[in-house]
Amino acid sequence: MVPRWKHTCSILFFIVGKFCLFHSDAQELKPKPHLSGGIRAEAGYLWQSNNNYSSRPPFIGNIYADPRLSYGKFTISSLIQLGTLADQYKQAFNRIGISPQYKWITVHLGHRYYNYSPYSANGRTIWGAGIDLMPGKFRFSAFYGNLRRETSVPSGNVTEFSSFARRSMGVRIGAGRPSNHADLIVIKSADDTSRFSPENIHSYPAPQENAVIAITSRQRIAKRFYLSLDGSLSALTRDTRKDTITIDESFPLKKELLSFYHPRYSSQYFTAAAFALEYRLKDHSVGVTYERIDPDYTSLSALTIQNDRIKAGINTRLNFLQNRLSIVAGAGDEKNNIIQHRKATTTKTMGNISVMYRTVEKFSGNLSYHLFRLRQASEATLLSHSTTHNFQAGGNWQLPGSRRVISAITVGSRQNRITGSRDYANVFARGSYDFIFRKKQRIAPELGVGIFQYGAANNSIRINPSARIYNATTRSPLSWTISAGSNLTYSASRLRGAVIFTGTGLGYLLKKKHQLNLRANFSANLYSVLAYQEFRADFSYSYRF
């Protein structure tokens, strides 16, 4: 018989062991905070002999950071962008934004992108607040903030008003997943004139107001068919100082309409629509597209939209031999003046086909052909008609001894159907020979030669020699490169143009997460009416969490 004290000790050891095992499992299951992302600091210097063509200030500095903190089902994504560029522009260069997320709830604060659909809110940064709710198949999003700020520009000894601050708000309601959904979108944007008195508001640029109602959908309508739909109705008031239009009392939803948008005598109404249907079969696909955008279509919450056009096309992608052989082809037609308000109509016909074959390492090659036909005509007169053909072939061969040869040839021409002459023709060949030198350095000399013809007798030859030396090993934390080259143009047996350039770059990897980079480039145009010299130097430091 087992003694009582041994039996009691066995029970106690069993209970303590179970408790320790449970506590250990709980510690392992408890989520731990995880920080990812990175930070990057940049500084640059630019010198140009002709300051009239300067593309940026002499000195610039920028800091970018995108930290992301995760803790279980809670995530915080953020963006920080600070720079030395002036803040008098409509869109600020200094941006700070944060997006906390818990399960299906996401809150946006600060500078954030809101891409709802191509014709409503798309591609613009808004300073404000927003929210996304995605419980299951339900989708709800909303935002409110500044689309741009009030700006003034210096003019002589005074500063003149340039633009009003612009506010924007939007709501999106839908159902489905990101790859299979349908959404209804309402956007309202307006210039803020609240701080201006009615007496002097007419001395400033015209304030605008815009309301957009849009639908967007991505659907899998059959086993292999995928449908995309985008439609939008935009009401744009070009000058809110104009009188409002009286709406009949019998008009349905009059009160709701006037609370959202005020029609005025300067208001205009536009539509835009796009349709795409694609059939997918493993690694192959074929699709058709159609798009129609009214003349002057505008959404103040989207980037510039190319309006006044009807565009239709077909495209296909085929892959064979385990994706080693790829064929991509497409054709389309586009024209403007869809309501016949212009004096002439422009029609564009485009077509392309490209074939690419690649192996694992030894060889890859490509062939491509592009067609572009442009036709401009009035009611009874053909104003211009030109056809452009471009053919390109290239290859990449890996030779014994880690040597690599890259070559490409481009042939192009443009025929003017009005005069019957060829106003543009070119043949350009480029080749490079890349090999390892002394086991660590890689040398990549390159040579390009082109023959160009403009008009009937204006022939020229362009030569582009260049070379690059850089270290080929990945074991060393230090990376460097030195390059030099020139663009030489000969015409009538004389040197007509010469551009030389040289550059160097250094990089150093510190403890696998810290990276230092230094780049310096010099270029000069020696034979040109617009002769110039330019020197650039850039330094950057990056750290990945």
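Rings of Phe, Tyr and Trp pair if their centres lie within 6.5 Å. Keep that cut-off in mind. The structure here is a predicted model.

**Exercise 1. Find the residues that ring pairs link into a cluster, then classify the pair Y45 and F535.**

Step 1. Start with the total. The structure holds 10 aromatic pairs.

Step 2. Take Y45 and F535. Their ring centres are 6.4 Å apart, and their planes meet at 55°. Planes under 30 degrees apart count as stacked and over 60 as edge-to-face. The angle of 55° fits neither class, so this pair is tilted.

Step 3. Place the two residues. Y45 sits in strand β2 (residues 38-48), and F535 sits in strand β31 (residues 532-544). The pair therefore ties together parts that are 490 residues apart in sequence.

Step 4. Check the exposure. Y45 has 29% relative accessibility and counts as partly exposed. F535 is partly exposed too, at 30%.

Step 5. Name the cluster. Ring pairs link Y45, F59 and F535.

**Exercise 2. Classify the pair Y116 and F143, and decide: are these residues buried or exposed?**

Step 1. Read the geometry. The centres are 5.5 Å apart, with 65° between the planes. This pair is edge-to-face.

Step 2. Locate the partners. Y116 lies in the loop between β7 (105-113) and β8 (125-133). F143 belongs to strand β9 (residues 138-148). The two are 27 residues apart, and the pair links distant parts of the chain.

Step 3. Settle the exposure. Y116 and F143 are both buried.

**Exercise 3. Describe the largest pocket: its volume, its lining and the strands that supply it.**

Step 1. Give the volume. The largest pocket has about 260 Å³.

Step 2. Count the lining. There are 18 lining residues. Nearest the centre of the pocket lie K311, G313, A331, G332 and M350.

Step 3. Sort the lining by class. Seven residues are nonpolar, eight are polar and three are charged.

Step 4. Trace the strands. β17 (284-293), β18 (309-320), β19 (325-335), β20 (345-358) and β21 (363-377) each supply at least two lining residues. The largest share, five residues, comes from β18.

**Exercise 4. How many cavities of 30 Å³ or more does the structure hold, and which residues line the largest cavity?**

Step 1. Count. The structure holds one such cavity. The largest cavity has a volume of about 30 Å³.

Step 2. List the lining. It consists of L79, R95, H111, R112, Y113 and T125.

Step 3. Find the main contributor. β7 gives the most, with three residues.

Step 4. Sort by class. Two are nonpolar, two polar and two charged.

**Exercise 5. Describe the surroundings of Q392.**

Step 1. Place Q392. This residue is found in strand β22 (residues 382-399).

Step 2. Judge its exposure. At 33% relative accessibility, Q392 counts as partly exposed.

Step 3. List the contacts. Leaving out residues up to four places away in sequence, Q392 touches N366, L367, S368, A408, I409 and T410.

Step 4. Add a distance. The C-alpha atoms of Q392 and G412 are 8.5 Å apart, and the two residues are 20 apart along the chain.

**Exercise 6. Which elements have the lowest and the highest mean pLDDT?**

Step 1. Look at the whole chain. Its average pLDDT is 83, and 84% of the residues score at least 70.

Step 2. Compare elements. Helix α1 (residues 4-29) has the lowest mean, 45, and β17 the highest, 96.

Step 3. Look inside the weak stretch. Over residues 4-28, pLDDT stays under 50. For those residues the model has one contact beyond four places in sequence.

Step 4. Draw the lesson. Where pLDDT is low, predicted coordinates should not be read in detail.

Conventions. Residues numbered from 1 in each chain as written. Predicted model: local features only at pLDDT ≥ 70, side-chain atom pairs only at ≥ 80, totals over all residues. Heavy atoms only, no water. 1 Å grid on protein atoms, 1.4 Å probe; cavity = no way out; pocket = protein on both sides within 12 Å on 5 of 7 lines; lining within 4 Å. Points joined across faces, edges and corners; volume = space filled by probe spheres on them. Helix = DSSP H or I, 4+ residues; strand = E, 2+ residues; numbered from the N terminus. Nonpolar A, V, L, I, M, F, W, Y, C, P; charged D, E, K, R; others polar. pLDDT = per-residue confidence, 0-100. Contact = heavy atoms within 4.5 Å. Phe/Tyr/Trp six-rings, centres within 6.5 Å; stacked < 30°, edge-to-face > 60°. Buried < 20%, exposed > 50% of the residue type's maximum accessible area, 1.4 Å probe, protein only.
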